[in-house]
Each structure stands twice: as structure tokens, then as C-alpha cells.
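Here are my notes on this model, for you to check against the coordinates. Please read them with the structure open.

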Amino acid sequence: MKRTEEMFMTEGIYRVKISMSFPLRWVNSYVLSEPDGKITIIDPGPRNSETEQEWSEALADLGLTFGDIRQIVLTHHHPDHLGLSGWMQQMTGAPVRMSTRSREEADYMWGPDSHINTILPDYYSRHGMPVDKTEQIYEHMKTFTSQITPLPNVIPVEDGEWLDMGGKRWVAVETGGHAPGHLSFYAPESMEILCGDAVLPQISPNISLQPGSDPQPLLSYMEGLQRLGELDVKQAYPGHRNPFFTFNERTVQLLEHHEERLQKLADRMQESPANAYDICLYMFGNRLGTHQLRFAMSETLAHLQELIRREVVKQVQQSDGTLYFQI
């Protein structure tokens with residue numbers, strides 16, 4: 001089965017679709033051919049036996065082996081992007097590059113001293129999530145460990161740093177919101193961008209408020225969109241869905257989308273005080289699987305936090321320690 005798709009014959013950029021869970025179904029990894037025949041891999045995807053085999057097949061399609069990997073570059077720390085990097089590094093000795101903040105987030109989420117499996121369900125509980133749902137979140141969080149083990153040794157990439165990849169010069173652009181320390185890579189001469197999950201076509205990247213991470217993720221995301229929108233981009237290579245040509249327009253659409261969502265939430269808060277879980281169900285419905293519920297709950301909290309920053313709503317703690325929001 002051929003797993004690679006060549007973007008442009010002259011550019012030497014290949015997309016590799018690596019399997020992941022529903023609803024996204026695959027993550028876009030990219031192989032950039034170097035002038036000497038070596039390759040750079042962008043975001044290798046989550047680790048399991050199936051995705052390991054997919055990479056063996058993809059490299060064979062290109063007439064390559066794991067020994068041809070010069071470097072592995074990560075846009076951010078989420079398992080569907082970082083997952084296989086440590087495994088590939090062990091096999092090849094290739095350096096892994098990502099931002100310092102991304103590596104810190106990976107340690108916080110899945111490092112040996114991480115307690116996120118209990119911190120996150122407790123956090124959701126204070127915001128009104130029922131016990132049966134928080135227990136599902138606890139079990140769900142444990143499933144990620146195998147997808148990212150081992151974590152790689154990392155050489156940091158700084159905001160504004162230039163990287164040589166695929167025979168081109170790419171500048172790292174660090175933004176937040178979807179993931180603290182997220183890196184996009186922009187090639188000004190060809191006006192291309194490897195944008196990870198910072199800007200996606202058709203779907204909106206998840207923006208999550210999580211304890212111990214960015215306290216203002218939606219603000220970070222919107223500021224990042226404004227910065228990315230200033231780049232002159234002809235071709236964008238995203239982490240999900242298909243490469244697209246309307247990058248600058250998409251940054252504007254995403255900004256408008258979040259303003260509309262903030263207004264919808266503010267209108268709901270005019271009706272009555274509520275906890276974040278009830279607001280989450282209002283915004284996203286009550287037929288969510290555990291994975292989607294975690295995303296929806298943290299996205300709701302991110303938008304509520306932005307409304308607090310704008311002094312539209314305020315958070316109130318009840319006598320039992322639970323938290324409500326009100327105008």
C-alpha cells in the first residue's frame with residue numbers, strides 16, 4: 001500500500017498519513033528530502049504497532065530506510081505529533097527538535113513525575129463534571145502513555161531560529177493556544193508553511209484550558225493567529241486534513257469563529273449562572289465520547305477564561321468548592 005503523497009514534484013515534500021483515533025483518523029506527517037538523499041521528518045505521529053509498520057511501508061515507498069533520517073522536527077507535544085519521535089530516535093540516533101516550552105509540556109503531561117491523570121479529573125469535578133464522567137477521563141488519560149514512550153532527547157528550537165530542511169531555509173514561529181510552544185515553520189522564498197495544528201483547514205484547532213499550563217490559551221491562540229496571518233503564504237501543510245492554499249484567509253476565519261463562540265457563550269450567561277460542565281453541554285451537546293468531552297470541556301473553560309479577562313463574566317466559588325460563572 002502506498003502511504004506517501006508527493007506535494008510538488010520539484011519540492012521534494014511528501015505527506016505520510018499516519019493512523020490515529022476517530023474522529024480525525026489520521027495525522028499528516030511530512031518527509032522533506034534533503035539534497036544529499038537524507039530526510040527530515042515532521043511530526044511522526046502516535047506510537048503503536050500499526051503506526052510503526054506504516055512508517056516502514058512509507059519509507060519503503062520512497063526507497064528509503066530509517067537510517068536515512070537526518071532529523072525529526074516536532075511542531076508540538078501532543079501524542080499524535082510527538083508520539084513516535086523517541087522510538088525513531090532510539091532506532092536511528094537522529095536528533096529531535098522542538099521548542100523548550102513544548103518539551104516542558106510533554107514532561108508535565110507524561111513525564112515520570114506527572115500527575116495529570118488525577119489533576120485533570122479533579123479539575124473537571126470542581127467545574128461540575130459528574131463522577132462517572134471524571135472516572136472515564138481518568139482511564140482515558142492513562143491510554144496516552146504507550147503512544148509517547150519513550151520521550152525523546154530534545155535539542156531546543158527557539159522562536160525565530162532558522163532550520164535547514166529539504167534544501168530550504170525555514171524560520172520557526174512559536175505561538176500558543178492549541179499547544180504552548182507550538183512551532184510553525186515558514187519558508188519565505190517559496191512562501192510555504194508547515195503549520196502543524198496552529199491553523200487547520202475546515203476544522204478549528206482545539207483550544208484547551210488545563211491546570212498547570214497556559215492560563216490564557218484563547219488569548220494566546222488569537223494573538224498567534226494574528227502573527228501568523230501577517231506571513232505571506234501560498235501553500236500550507238497542516239497537521240490534519242489536506243494541504244491548502246488559503247492560509248491567510250483561514251487565519252481570519254478562525255479569529256471570527258472564536259469571536260462568534262465567545263458571543264454565543266456570553267449570550268448563554270445572560271440567562272443564568274452555570275458551571276462549566278453545563279455550559280459545555282450547551283455549547284457542544286451531550287453525546288460526546290470521552291475524548292471529545294475532554295476537548296469540549298477544556299475548550300469551554302478556555303472561552304470562559306477569555307470572557308473573564310474581558311470582564312464579561314466572573315467566576316464564583318460555592319461553599320462546597322465547586323465553581324460557577326455568572327454575569
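The points below go through the sheet, the helices, the loops and two strands elsewhere.

1. Basis. This is a predicted model, in which local features need pLDDT of at least 70, side-chain atom pairs count only at pLDDT 80 or more, and totals for chains, interfaces and linings use all residues. Residues are numbered from 1 along each chain as its sequence is written, and side-chain values use heavy atoms, with hydrogens and water left out.

2. The open sheet. Five strands run in the order β8-β9-β10-β11-β12, with mixed pairing. Strands here are DSSP runs of E, at least two residues, and helices are runs of H or I, at least four residues, numbered from the N terminus. Two strands pair if DSSP finds at least two bridges between them. The edges are β8 (162–165) and β12 (235–238), each paired on one side only. From one strand to the next, the twist averages 30°.

3. The β8 edge. Strand β8 runs antiparallel to β9 (residues 168–175), and 4 bridges join them. Check the register at Asp 164, which stands opposite Arg 169 in β9.

4. The β12 edge. Here the pairing is parallel: β11 (residues 192–196) and β12 are joined by 4 bridges. Leu 194 faces Tyr 237 across this pair, standing opposite the β12 residue. In a regular strand the side chains alternate between the two faces of the sheet. In β12, Gln 235 and Tyr 237 point one way, while Ala 236 and Pro 238 point the other way. All of these are buried; buried means under 20% relative accessible area, exposed over 50%, and partly exposed in between (1.4 Å probe, protein chains only).

5. Arg 241. This residue follows in the loop between β12 and α9 (247–271). Arg 241 counts as partly exposed because its relative accessibility is 30%. Beyond its neighbours within four places in sequence, Arg 241 is in contact (heavy atoms within 4.5 Å) with Arg 15, Trp 26, Asn 28, Pro 201, Gln 202 and Ile 203.

6. Backbone points to inspect. Gln 202, one of the contacts of Arg 241, has a positive phi of about 75° although it is not a glycine. Gln 202 lies in the loop between β11 and α8 (217–229) and, at 63% relative accessibility, counts as exposed. Glu 311 is also a residue other than glycine with a positive phi, near 60°. Its loop runs between α11 and β13 (314–317), and Glu 311 is exposed, with a relative accessible area of 73%. Look too at the peptide bond from Thr 149 to Pro 150: it is cis, with omega near -5°. Pro 150 sits in the loop between α7 (145–148) and β7 (154–156).

7. Helix α4. Which residues of helix α4 (residues 100–110) are buried? They are Ser 102, Arg 103, Glu 105, Ala 106, Met 109 and Trp 110. Seen down the axis, these buried residues of α4 fall within an arc of 160°, so they line one face of the helix. The arc is that of the directions from the helix axis to the C-beta atoms.

8. Helices α6 and α11. Helix α6 (residues 131–142) packs on helix α11 (residues 290–309) at about 105°, with the axes 10 Å apart. The pair therefore counts as roughly perpendicular, the term for angles of 65 to 115 degrees. Axes are lines fitted to C-alpha atoms, for helices over the stretch in contact, and angles run from 0 to 180 degrees between N-to-C directions. From α6, Lys 133, Gln 136, Ile 137, His 140 and Met 141 meet Thr 290, His 291, Leu 293 and Arg 294 of α11.

9. Strand β5. In β5 (residues 69–73), 4 of the 5 residues are buried, so the strand is largely enclosed by the rest of the structure. Strand β4 (residues 39–42) runs parallel to β5, joined by 4 bridges. Ile 41 has Ile 72 in β5 as its bridge partner.

10. Phe 325. This residue belongs to strand β14 (residues 323–326). Phe 325 is buried, with a relative accessible area of 1%. Not counting residues up to four places away in sequence, Phe 325 touches several residues, including Met 269, Ala 274, Leu 301 and Ile 308. Ala 274 is 51 residues from Phe 325 in sequence, yet their C-alpha atoms are 5.6 Å apart.

Definitions and conventions
Parallel < 35°, antiparallel > 145°, perpendicular 65-115°, else oblique.
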